[in-house]
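Here's a quick tour of some local details worth a look on screen. Have the model open and follow along.

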Amino acid sequence: MPREETFAKALYTFDIGQNDLTQSLFLNMTIVQVIAAIPDIVNHFSDNIKNLYSLGARLFWVYNMRPIGCFPQILTSFPSAKKDSVGCAKPYNRLAQCFNAELKNALARLRIEFPLATIVYVDLYSALYSLYTHPTKNGFERPLVACCGYGGKYNYGRDATCGETISVNGKNIMVGSCKDPLVRVSWDGVHFTEAANKFAFDLVSSGNFSNPPIPLKLACHPR
């Protein structure tokens with residue numbers, strides 16, 4: 001284990017929101033009900049930041065929520081949702097945006113409370129959404145279709161998930177990868193491909209999608 005003093009020099013990264021919101025949706029909560037729960041979710045997260053600060057942490061790098069309305073899982077599960085210009089489900093992206101606004105405001109309050117800390121809000125949503133608005137320009141194709149899946153418009157089925165063996169017309173087949181994952185955005189309808197994650201990381205690590213606009217390499221240095 002690192003020495004105790006090392007923990008104060010570490011960069012603590014957080015990636016939150018997606019499971020909290022999507023699991024609520026699949027428990028048959030309405031979007032209005034999920035939105036109402038967002039402040040409580042973010043308040044609990046703020047308490048975690050405060051607890052880490054009390055233990056010596058000073059450097060925080062916090063990713064916001066992804067555009068879940070573009071996920072094959074969401075598009076398949078809620079087919080009647082109104083779509084935006086690129087085919088993503090608008091109500092579910094608005095849900096993510098509501099969460100992100102609450103998170104951004106909470107982090108702003110924490111910066112005031114802890115002026116000696118570096119607390120960076122990272123707009124992963126915008127970085128990833130560019131893969132849907134300009135997929136070809138960024139070297140990708142079919143961004144709304146899962147690479148590893150089976151069935152339907154978005155190649156996603158909750159009963160035929162990536163890696164499972166299913167029966168089709170009396171034959172057992174394994175749900176496997178598409179031919180070229182390097183040009184695809186969605187891996188299994190829920191997670192992004194390695195290529196999409198690398199694309200997003202290269203963008204956000206520059207600091208251009210951060211508030212305050214601090215590159216990742218500088219976020220590791222305490223004030």
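## Rings, helices and a few odd backbone spots

W61 has a relative accessibility of just 1%, so it counts as buried, the cut-off being under 20%. Bear in mind as you look around that this is a predicted model.

Let's stay with the aromatics. How many aromatic pairs does the count come to? The total is 11. One of them brings together W61 and Y63, whose ring centres are 6.5 Å apart with 85° between the planes. That pair is edge-to-face, because a plane angle over 60 degrees puts it in that class. Y63 is buried too, since its relative accessible area of 16% falls under the 20% limit.

Elsewhere, ring pairs tie Y12, F14, F45 and F60 together into a cluster. There's also a ring with a charge for company: R58 places its charged end over the ring of Y53, at 3.7 Å from the ring centre.

Now for a pair of helices. Helix 5 covers residues 124-133 and helix 6 covers residues 194-204. Their axes lie 9 Å apart, and they pack at an angle of about 130°. Helix 5 is therefore oblique to helix 6. Which residues make the contact? From helix 5 come L124, A127, L128, S130 and L131, while helix 6 brings A196, F199, A200, L203 and V204. As for handedness, helix 5 passes helix 6 in a right-handed crossing.

Next, the backbone. Two asparagines have a positive phi even though neither is a glycine. Here they are side by side:

| Residue | Phi | Loop location | Relative accessibility |
|---|---|---|---|
| N28 | about 70° | between helix 1 (18-25) and helix 2 (31-54) | 71% |
| N169 | near 55° | between strand 4 (165-168) and strand 5 (171-174) | 79% |

Are these residues buried or exposed? N28 counts as exposed because its 71% is over the 50% cut-off. N169, at 79%, counts as exposed because that value is over 50% as well.

One more backbone feature deserves a stop. What kind of peptide bond joins N211 and P212? The bond is cis, with omega at about -5°. To find P212, go to the loop between strand 6 (210-211) and helix 7 (216-219).

Key:
Residues are numbered from 1 along each chain as its sequence is written. This is a predicted model: local features need pLDDT of at least 70, side-chain atom pairs count only at pLDDT 80 or more; totals for chains, interfaces and linings use all residues. Side-chain values use heavy atoms; hydrogens and water are left out. Rings of Phe, Tyr and Trp (its six-membered ring) pair if their centres lie within 6.5 Å; planes under 30 degrees apart count as stacked, over 60 as edge-to-face and the rest as tilted. Buried means under 20% relative accessible area, exposed over 50%, partly exposed in between (1.4 Å probe, protein chains only). A charge sits over a ring if NZ of Lys or CZ of Arg is within 6 Å of the ring centre and within 35 degrees of the ring normal. Axes are lines fitted to C-alpha atoms, for helices over the stretch in contact, and angles run from 0 to 180 degrees between N-to-C directions. Helices (H or I, at least four residues) and strands (E, at least two) are DSSP runs, numbered from the N terminus. Angles under 35 degrees count as roughly parallel, over 145 as roughly antiparallel, 65 to 115 as roughly perpendicular and the rest as oblique. A crossing is left-handed if the near helix is turned anticlockwise from the far one by less than a right angle, and right-handed if clockwise. Contact means heavy atoms within 4.5 Å.
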